[in-house]
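Reader: I have a model on screen with a ligand in it. Walk me through how to read it, please.

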Amino acid sequence: MKALTYQGMKQVKVKEVEDPTLQKADDVLVRITTTTICGSDLHIYNGEIPNMPDDFVIGHEPMGIVEAVGPDVTRVKKGDRVIIPFNVACGTCWFCQHQLESQCDNSNEFLHGQSGGFFGYSETYGGYPGGQAEYMRVPYGNFVPFKVPEDAEMEDEKLLFLSDIVPTAYWSVESAGVKPGDTVIILGCGPVGLLAQKFAWLKGAKRVIAIDHVDYRLEHARRTNRVETYNFKTEDDLLGHLQEETGGGADVVIDAVGLDAEKTVLEKVETLLKLQGGGLGAFRMAAKLVRKAGTIQVTGVYGTNYNAFPFGDLFSRNITLRMGQAPVIHYMPELYGMIKDGKFDPTDIITHRMPLDDAAHAYRIFNNKVDNAIKIVLKP
Ligand code: NAD
Ligand code: ZN
Ligand code: ZN
C-alpha cells in the first residue's frame, strides 16, 4: 500500500510499504478514506520525537471503512464506517475504565506503563504505524474504533476531527474548568486553538482572547470565532497590556502551542543545557497571563525536562496546572451528537484538500504556516 513515511528531520515521503495485517484476535483492519495532519505530527517532522523506526508511517487522525476483523471483534464488522481516535487503549485497565484512555496501562510496552500508546507516533508511544496511509491496523477493535451510525449522512470532513482535535479542544476547556463569566486566553491559533475558542464560548466564557504571530490565522480566529486577537510579535508589551486590561490576568490560559519547534531544533545543535531552557516560550507566556489562583491548561506538547520552568512563580501565585495527552475515546459519542445536531461544526478550519500523494507538500506548508494553511485534509 501507499503511505506517508518518516525519512529524517523535515523529510517525509509517500512510498510503497508492506500492507498491514490482522495480528491479534481483536484487531481490525481499516481502509482509510480520509485523513489529516496534526500539529503533533509537526513535532515528528521537526525531529523532536525519538525512536522513529525506518520508514515509519505517521498519522493519527484517520477515518475509513472496516476491511477485515479478527475473530474476537464484535463491535464492528466489515463494511462499517469508523473513526479512529489517536489513543490506542485496551478498554479494560483501571485508566481506561476511568476515562483516562491516554494513560492506558496495556497499550505501550515501550514506556512501561508511563503513558498509553498513540497511533503513528514512534516506538516511544507504542510503535503503532499510523493513518496517513491506504490501510491501517487498529488494535483493541472492541474499544478503539468509533462506529459512525448507519443513518449518518454527514460527509467524512464533518466527522474526521473526532479522531483527535475536536475532543482534544473540548477536553482542554473542560480540564481547565472554563465556566460562565470566565476570561479565557488561548495561545495558538492552529486547529487545536481555534476549536478550543469555539468550546470556550460554548462553556459560557465572557471573553475569549487569542494570541499567535501568524496573521492569517489571527484573522481566521477573528472572523469565524469572533474572538479578540493579538499578534505577540508586533504588539508592544502585550503581556503587560493584557495583565492590566484583564485586571490581573485571565481566569484560564490554554497553551495550544507546545514547545517552540524552530527554537528547540536550533538550540539542539548548540548545547543540551540550552535546549532545556529553550522551547518553553508559550508556557512562560501562559504563566504571565494567568491571574492569581487561576488555571493553566497545557494541551500543546512538551517533550523533555526544562530548567526554565517558572516553578516559584506558579507556586507563590497558587496556580493550578493541568496538562497532558487528551483522553479522546470517551468523548467521541457526545461530540458526535453535537456535530450531528448542528451544535458544533469544525469544518471551517479546513483550508486545503489534497491526495495522499501530495502529503510531503502538505507537511511543508502546514509546518511553515504559508499558503493560508490551517488544516489539510488528505485523501488516500
Ligand atoms: P499548529 O502548529 O498548527 O498551531 C500552533 C500555533 O501556535 C501556530 O499557529 C503558531 O504560529 C502558534 N504559536 C507559536 N508560538 C506561539 C506562542 N508563543 N504564543 C502563541 N502562539 C504561538 O498545531 P495544532 O494542530 O493547532 O496543535 C497545537 C499543539 O497541540 C501542538 O503542540 C500539538 O502537538 C498539540 N496537541 C496536543 C494534543 C493533546 O492530546 N494534548 C492533541 C492534539 C494536538
Ligand atoms: Zn493530533
Ligand atoms: Zn487500558
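Author: Start with the make-up of the ligand shell. By class, the shell around ligand 1 holds 16 nonpolar, 13 polar and five charged residues. Nonpolar means Ala, Val, Leu, Ile, Met, Phe, Trp, Tyr, Cys and Pro; charged means Asp, Glu, Lys and Arg; the others, Gly among them, are polar. This is a predicted model: local features need pLDDT of at least 70, side-chain atom pairs count only at pLDDT 80 or more, and totals for chains, interfaces and linings use all residues. Residues are numbered from 1 along each chain as its sequence is written, and chains are lettered from A and ligands numbered from 1 in the order in which they are written.

Reader: Which residues come nearest to ligand 1?

Author: A residue is near a molecule if its C-beta atom, placed from the backbone, lies within 6 Å of it. Here 34 residues surround ligand 1, and G39, S40, G188, G190 and G258 come nearest.

Reader: Which elements give two or more residues to that shell?

Author: Elements are DSSP runs numbered from the N terminus: helices are H or I with at least four residues, strands E with at least two. Helix 1 (39-45), helix 4 (165-175), helix 5 (191-202), strand 11 (207-212) and helix 10 (281-289) do so. Helix 1 supplies the largest share, four residues.

Reader: How is the protein chain divided?

Author: Domain bounds come from an automatic or database domain assignment. This chain has domain 1 (2-164 + 327-379) and domain 2 (166-323). Their C-alpha centres lie 25 Å apart. Each domain gives at least three residues to the shell around ligand 1.

Reader: How many residues of each domain are in contact?

Author: Contact means C-beta atoms, placed from the backbone, within 7 Å. By that rule, 23 residues of domain 1 touch 22 of domain 2. On the domain 1 side, helix 1 and helix 12 (332-340) each give two or more residues. Helix 1 gives the most there, with four. That side divides into 12 nonpolar, six polar and five charged residues.

Reader: At what angle do helix 5 and helix 6 cross?

Author: Axes are lines fitted to C-alpha atoms over the stretch in contact, and angles run from 0 to 180 degrees between N-to-C directions. The axes of helix 5 and helix 6 (residues 215-225) come within 11 Å and cross at roughly 25°. Angles under 35 degrees count as roughly parallel, so these two helices are roughly parallel to each other.

Reader: Which residues meet there?

Author: L194, Q197 and K198 in helix 5 meet H220, A221 and N225 in helix 6. By class, that contact has two nonpolar, three polar and one charged residues.

Conventions
Contact = placed C-beta atoms within 7 Å. Parallel < 35°, antiparallel > 145°, perpendicular 65-115°, else oblique.
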